[in-house]
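Good morning, and thank you for making time for this item. I would ask you to keep the sequence and the structure in view while I speak.

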Amino acid sequence: MAAVDPITMQVVRYGLEQIADEMGYTMMRTARSTVIKEVLDFSCALADRQGRTIAQAHHVPMLVGSLDITMKRVLEHYGGGAERLEEGDVVISNDPYLGGQHVMDMQVFAPVFEEGTLIGLVGNIAHQVDMGGMAPGGVAGGMTEIFQEGIRFPMIKFHQRGVENPEVIRMIATNVRIPEVTLGDMRSQVSAASVGVRRFKEIYRKHGPATFQSAVDTLLNYSEERIRQGLRQIPDGTYAGEDFVDDDGIGDEPFRVAVTIEKAGGGIAVDFEGTSPQARGNINCPIASTYAAVYYVVIALSDPHVPPNAGAFRPVEFRIPEGTVVNPRPPAGVTARTNTTAKIVEAMIRALAQAVPDRVVSGSHAQSTTCGFVGYHPRTGKRFSFTDIEVGGAPARPYRDGRDGQDSHLARFMNTPIEAAEMEFPILVERFQFRPDSGGAGLYRGGLAVQRDIRLLADASFARYADRHKFAPWGVAGGKDGAVGEFVLNPGREGEQRVRSKGLSELRAGDVVSLRLPGAGGFGDPLKRDPEAAARDVREGKVSREAARRDYGVVLKADMTVDEIETARLRGTGQT
Amino acid sequence: MRIGIDVGGTFTDVVLVNDATGQIHYAKTSTTPGNLADGVLAGIEKVLAIAKKSIDDLAYIVHGTTIGTNALIEKTGARTGLITTEGFVDVLEIGRCQRPKEGMYDLSVDNPPPLVPRDLRRPVKERIDRDGTVVTPLDEGTAEAAVDVLRAGRVEAIAVSLLWSFVNPVHERRLADIIARRFPGVPVSLSSTVAPEFREFERTSTTVLNAYLQPVTAAYLDSLSARLARQYGRELDVRIMQASGGSMTIRDARERAVNMVNSGPAGGVIAASFIGQLTGFAQVIGVDMGGTSFDISLIDRGRPPVSSERSFCGYPVRIPVIDLDSIGAGGGSIAWIDPGGALNVGPRSAGAQPGPACYGRGGERPTVTDANLLLGRLNPKYFLGGEISLDVEAAHQAIRQHVGDPLGMSVEDTAAGIIRIINATMVKGIAVNSIERGHDVREFALVAFGGAGALHAGDLADEMGIRTVIVPTLCGNLSALGLLVSDARHDLVQTYGRLATESQPEDLSRRFGDLEKQILERLRRDGFPPDRIEVLWTVDARYEGQSYEINVPVAHDLDLRALARDFNAFHQRLYAYSSPQENVQLVNLRVTGIGRVPPVRLKPLGGGAGAGRPSAAARPKAHRPIFFFGRGFVEAPVYERDHLPVGAEVAGPCLVEESIAGSVITAGWIGRADEYGNLILRRQ
């Protein structure tokens, strides 16, 4: 089909993006849970009649391309056999083994028909607060099978020809802890899909079938070409990289994520041969999450502002051996998959550092630390459940320091304010501050980690999953490693002890948990860092005087300005 | 007689209303960046001369200024220190730990840097808990040490933000005493005064912003007051516009610098609301398209929306702010081709300097204004009333060279393409803004203003199914008119944080009463008699466990059942569900005091014209080829807006020109001049 002019393509593109945004705002407005409304852990997408994503609205990179896999599968499933899609149908699916992320992420799809012909599909994915299973909210170590993680829907019609299926509703209401919230959020996903269907028809009619399809083809080719152009800037070759997950929360063995990247022209192939077999603990990463991690790196390093449609994904080829932590077989558990997806990102960046050392970033805190405190509130006698998510240091860049205490890569979310947490839960936060010297030294310094000390005012269980407590955030291009994380119970008091990164502990009122997050590695030779920048870090207490001398070869005078003579002397001898 | 003065980046707009006659006069002068007061004084003189009035008749001036905004954009605020609870000096820098949306894949995009570097953020040993109980008493030794460090660090302002200070401000107040003693004269902003709400980062950010801007804005206000007093031999009653859309006295403004940021756009929203009332439309969307940005405000049932969850230049503020979205689409937006070969317009703008290529000031990049010029929508000899002569050849050259040739398209098609793309961007902005707030755009009228608003509004309305577009009188000075009609406003807030079921009406009543007493005192001090004062009590409420609140009005009888019922109804309307069986938590108590200014009664023009009956036919001043979507170039009539008789109707396709703007009326639309000089476009 002939390409449309670039202006019509842009007008259609903005129209499609507007529909995806409108679906997103509809969901934000009508959803029940904070995860959707404030954390924005959701994505909305439109596909053409072949199931190719033509527009996507998302706020968390973890969900990029996620619906692209399942929208195709939905069309395949209902394409040939006895089951058919009809106008007004709504299909739900949350099965990680059918292209889903984890059981908590519910996907909703609705076909778009025009005069009886299927013209496209709209879909969305959103994090539910509960889908049943052994742990409220799904945060718990120790799960070893997907069956423990919640109820799975493998493409089920939630609506048939515009009517909600009461049997499915009953099924969900019976199996989740707070049915009105889960069903409320699912209905909000359906509202968003209905908005999408209506607006999809409008834009289709406005441009007419021929122009619309031609504009969509042009748009996909356009995104593809932008990614290919970016990839062409990377030298051809084969590059290998690896990183490790500390453990799976059950044993103490590390898990290896290995990637071999073959870059040729405007294409890239990613091979996971050599990656560890799937884990007993639930750090396994279903294939949609593996795809998202790879797409994230490709987009970030080739063209960060490309419209993320199916065309942008075309230049990427995958080889992902089955039965590994990056492509598990059922019934492996997957809830704590972000431990592993974060390492896919880091391993790929490490591989590409050999190709484009001046464009990659250092290793980061990688995995957001997720903690759940559950107990009974002395004030009300009622059960409380406080989920605390913390981040460490963001990676150092070839042109700037890493951000201190900020999210990075696949995660993008807001923390809970101290006063909001203390208002609701029996805790007192004693410290929320940077960890000095936790950023790896470099020409550009790695981001500092934060430390949060929480005093419990009631007995509570402490469930968590975190990583980089053993494998440090690595430096790149001569930069040094950042600090590893650690969880310390009752620091500076009798009974002080380090507890493991993934697990469940019972704590008593008065106990203090010190969450010390991992930092990020540095970029480039620290001896080349601007002495003034190193001195500023010391003045700000982000780097100690000793570390400035040791790692950066920068000596400060009593008035905290650079001692240029001593610095030159030290740097002269330091560069052997 | 009242005067509204809006100091923008390029122009200072002045509007004068003669309350005796209802007549309006306006003037435009150049903004004087070196000393803004010069431009203000020149503007007052100019409008007085035009109106043939003396300053002796002046009741008051309302002033909107970008001085705070500019200091923030250019980072020229004071060297600021911050004192926090020990263990929490990094709250300001960590923020909510989230990188900006634009930085999702782009590793180079960061949040703006903290306004106080870490060495000027000093801890004091103290701690108060959620009930306001002192867990750790203030250690005065650490307090004195903190102040001494900041004094030695030569800070020009100090912000103090301690945990839970909004419940119990005792430590913050004690710190203020210690600062006054050890570092006399340094201005101090306490978080318990500036933004006494929970969520420590947002409260600290607001307090720091106030401290950072206060020395700059106070110096400007002092110099302005002195200049006015010298010029006119007396103290004039000057009120400063706040971001909330209400004004405050200069005395209050000296202390509340953060409330002055973003006050210019607030004037525009108030004006759009005023124009809606004047023309009988309660549901309006104000769209203000200037040189660099397109501001969208949705006014539901006559009330401009106010939110307490906005940010300025990426820094969160917890003060009442008129709710508007701004996107990078304006007359100066630059058209460019991306690496994939697609045409984009904006968000970068050529601004006023160098401006669009057709300004002939050295701008080479093609802009929306250049495209409008080539499409016949702008008159090269009549831009800003002929003050600037537009260079058609330069526009042609810029569009051909940078966009048309690379795309292999004719200059005319390219110009039309630029307009289609900027329109699609604006449609997306409006659609998302309205659906986010739960509204259907088709039920609204567009109020289009700013230099470029009415050139595009008709196409936008066609695209969105909107049936009415209002192009207000003075559509290039509308923000200044908004200042003039705005009321005085004071806001106080107290975080409460209890469930409705565990609240006592007497306790709530006492708390509201205390806030109301302070508000009434302020309004009395501002000179408002009781019959011009209105006090509103509202509660930020949520279902227990939610992390966002809805602001609900409460009656003075504090019927908690009625409050819960109202909350459920609001929740239903905003979020399409309610859950009456759940506990309602009363998070913040708010009291807003409004000092009503006398209503502005505009004088109808042209006297005697009956509504709906054309008093005279409109006669075009010229015909020229003008581009309309769906039709291409049409030899269309051009009308002079100032010569349109009251009640006259003009049918699209046509163009109505005026000195500071122009209205494109597309086919199928009829424009009618109303008795106040507004142009009302309706789809047939």
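In which order do the strands of the four-stranded open sheet in chain A stand? The order is β13-β12-β16-β19, and the strands pair in antiparallel fashion. At the edges stand β13, residues 383–390, and β19, residues 503–507; each has a single partner strand, so one side of each is left without a neighbour in the sheet. Ignoring direction, neighbouring strands of this sheet are turned against each other by 20° on average.

Before going further, I should state that this is a predicted model.

Let us remain with this sheet for a moment. Strand β16 of chain A, residues 460–465, runs antiparallel to β19(A), and five bridges join the two. Within that pairing, R464(A) is found opposite G503(A) of β19(A). As a general reminder, strands of a sheet pair through backbone hydrogen bonds, either parallel or antiparallel.

I turn now to the other sheet I wish to show. This open sheet of chain A has seven strands in the order β2-β1-β5-β4-β3-β6-β7, again with antiparallel pairing. Its edge strands are β2, residues 53–58, and β7, residues 163–164, each of which pairs on one side only. Strand β6, covering residues 156–160 of chain A, is joined to β7(A) by two bridges, and the two strands run antiparallel. There, Q160(A) stands opposite V163(A) of β7(A). A helix also packs on this sheet: α3 of chain A, residues 66–77, touches β1 (42–48), β2, β3 (90–93), β4 (105–114) and β5 (117–127). The direction of α3 makes about 135° with that of β5(A).

Next, chain A as a whole. The chain contains 13 helices and 20 strands. The C-alpha trace spans about 80 × 60 × 40 Å along its principal axes. Why may the radius of gyration of chain A be said to agree with that of a compact globule? For 576 residues, such a globule would have a value near 25 Å, and chain A has 25 Å. Buried residues account for 59% of the 576 residues. Of the contacts in chain A with a separation of 6 or more, 74% join residues 24 or more positions apart.

The domain assignment of chain A gives domain 1 at 6–226, domain 2 at 361–524 and domain 3 at 525–576. Between domain 2 and domain 3 of chain A, 13 residues of the former are in contact with 12 residues of the latter. The side of domain 2 that touches domain 3 comprises five nonpolar, five polar and three charged residues. The centres of these two domains of chain A, taken over C-alpha atoms, are 28 Å apart.

Chain B is divided into domain 1, 76–218, and domain 2, 488–595. Their contact takes five residues from each of these domains of chain B. On the side of domain 1 of chain B that touches domain 2, four residues are nonpolar, none is polar and one is charged.

Finally, how many residues of chain A are in contact with chain B? The contact involves 61 residues of chain A and 55 residues of chain B. Several elements of chain A each supply at least two residues of the side touching chain B, among them α5 (179–207), α6 (209–232) and β14 (427–434). The largest share of that side, 15 residues, comes from α1(A). By class, the side of chain A that touches chain B has 24 nonpolar, 16 polar and 21 charged residues.

Key. Residues numbered from 1 in each chain as written. Chains lettered and ligands numbered in written order. Predicted model: local features only at pLDDT ≥ 70, side-chain atom pairs only at ≥ 80, totals over all residues. Rg over C-alpha atoms; globule rule 2.2 N^0.38 Å. Buried ≥ 20, exposed ≤ 12 C-beta atoms within 10 Å, placed from the backbone. Contact = placed C-beta atoms within 7 Å. Domains from an automatic or database assignment. Nonpolar A, V, L, I, M, F, W, Y, C, P; charged D, E, K, R; others polar. Pairing = 2+ DSSP bridges. Axes fitted to C-alpha atoms, helices over the stretch in contact; angles between N-to-C directions.
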